[in-house]
Amino acid sequence: MRCQRRRGVGKARNWRDNEMTSLKTALVTGASQGIGRAIALSLASSGYSVAVCARSEEGLEKVAAEAREAGAPDALSITADLREPDAPARIVNATTDCFGGLGVLVNNAGATKRGDFLKLDDADHLDGFALKYHATVRFCRAAWSELAQSEGVIINISGVGAHTPEAEFTVGGPVNSAIINFSKALSKRPENVRVNVVCPGHIVTDRLKYRLQALAGERDLSLDAARDVMCADLGISDFGDPQDIAAMVRYLCSAQAQYITGATFTIDGGVTPGI
Ligand SMILES: NC(=O)c1ccc[n+]([C@@H]2O[C@H](COP(=O)([O-])OP(=O)(O)OC[C@H]3O[C@@H](n4cnc5c(N)ncnc54)[C@H](OP(=O)(O)O)[C@@H]3O)[C@@H](O)[C@H]2O)c1
């Protein structure tokens, strides 16, 4: 863990400017790479101090350095396995000690196992919920009083599997649905904390690259050809970029989104078949 500049932001409450709402300090989970990294850097470029957490110290240090370069007044990296029950409270405390408060919490960390339902055991299901669902609940609980004081924002990253069940996604789908239900319930609390959900579709990160490599191997295709096949099967023109998700998160943190809470936003290039 490394706090760059402890007194950089101060304890200002209800801080607002024309562009962004809430105290300009953010905690992003699962930010050592992929979507979490893009969210952290996007908020950093809007002047947020950012705390990033995941297991990879090297990845986090790199993202923290990138955040400072992008404009974050402070950057804090905290290494933890978020499946451990005491990790979220420890991380929230370290973040508020370092930044003097919290304006934004983004629960992004997630890694659920895909595959044949009959080959997935209890441990696979419990592990998927331990990271993405239970850590989200624990982070929200640990951060709630700080967010209530700052009239802050929670954004929980779910996924299109929440609305479109798949035979190969019997862990991730239910986890993502549970995140939406939980977030809606939390948004109904009386404190002024806005709680919203973003559901990514097929976004190019390591998770998607592994799926593409598997498809290329199964069908003896190049990676580019596997990409074309997967997009055609899904009925989309291309995959998304982590920036596409980060842009929506950034908007939801802004004053323009001050009337938006309890909502779920799907960013999927049109892959979701239903309405
Ligand atoms: N990419 C997509 O197409 C897609 C689609 C739908 C939903 N999503 C959701 O979007 C979120 C981000 O996905 P992504 O594609 O960016 O994934 P990713 O590239 O695999 O990144 C996952 C992040 O979570 C962290 N993480 C994993 N296990 C952890 C653990 N036990 N403790 C702490 N941190 C952990 C990873 O860091 P370490 O390995 O260093 O711990 C990494 O920073 C996930 O919740 C995912 O379900 C993604």
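Student: In this predicted model, where does the ligand sit?
Tutor: The model is a predicted one, and the placement of the ligand is judged by whether more than half of its atoms lie within 2 Å of the grid points of a pocket or cavity. By that criterion, the ligand sits in the largest pocket.

Student: Which elements give two or more residues to the shell around the ligand?
Tutor: The shell is made up of 27 residues that surround the ligand, and the closest are Ser32, Arg55, Asn108, Thr205 and Arg207. Those 27 residues divide into 10 nonpolar, 12 polar and 5 charged. The elements that contribute two or more residues to this shell are α1 (34-45) and α4 (122-150).

Student: How much of the accessible area of the ligand does the protein cover?
Tutor: Oxygen atoms of the ligand have polar partners on the protein, including a polar side-chain atom of Lys132 at 2.8 Å, a backbone N or O atom of Gly201 at 3.0 Å and a polar backbone atom of Asn108 at 2.7 Å. On its own the ligand has 880 Å² of accessible area, and the share of this that the protein covers is 90%.

Student: Why does Lys188 count as exposed rather than buried?
Tutor: Lys188 belongs to the loop between α5 (172-187) and β7 (194-200), and its C-alpha atom is separated by 8.8 Å from that of Thr261, a residue 73 positions away along the chain. A residue is called exposed when its relative accessible area is over 50%. Lys188 counts as exposed because its relative accessibility is 64%.

Note on methods. Residues numbered from 1 in each chain as written. Predicted model: local features only at pLDDT ≥ 70, side-chain atom pairs only at ≥ 80, totals over all residues. Heavy atoms only, no water. Near = heavy atom within 4 Å. Polar contact = N/O pair within 3.5 Å; in protein donor to acceptor, adjacent residues only side chain to side chain. Areas by Shrake-Rupley, 256 points an atom, 1.4 Å probe, with all protein chains shown as cover. 1 Å grid on protein atoms, 1.4 Å probe; cavity = no way out; pocket = protein on both sides within 12 Å on 5 of 7 lines; lining within 4 Å. Helix = DSSP H or I, 4+ residues; strand = E, 2+ residues; numbered from the N terminus. Nonpolar A, V, L, I, M, F, W, Y, C, P; charged D, E, K, R; others polar. Buried < 20%, exposed > 50% of the residue type's maximum accessible area, 1.4 Å probe, protein only.
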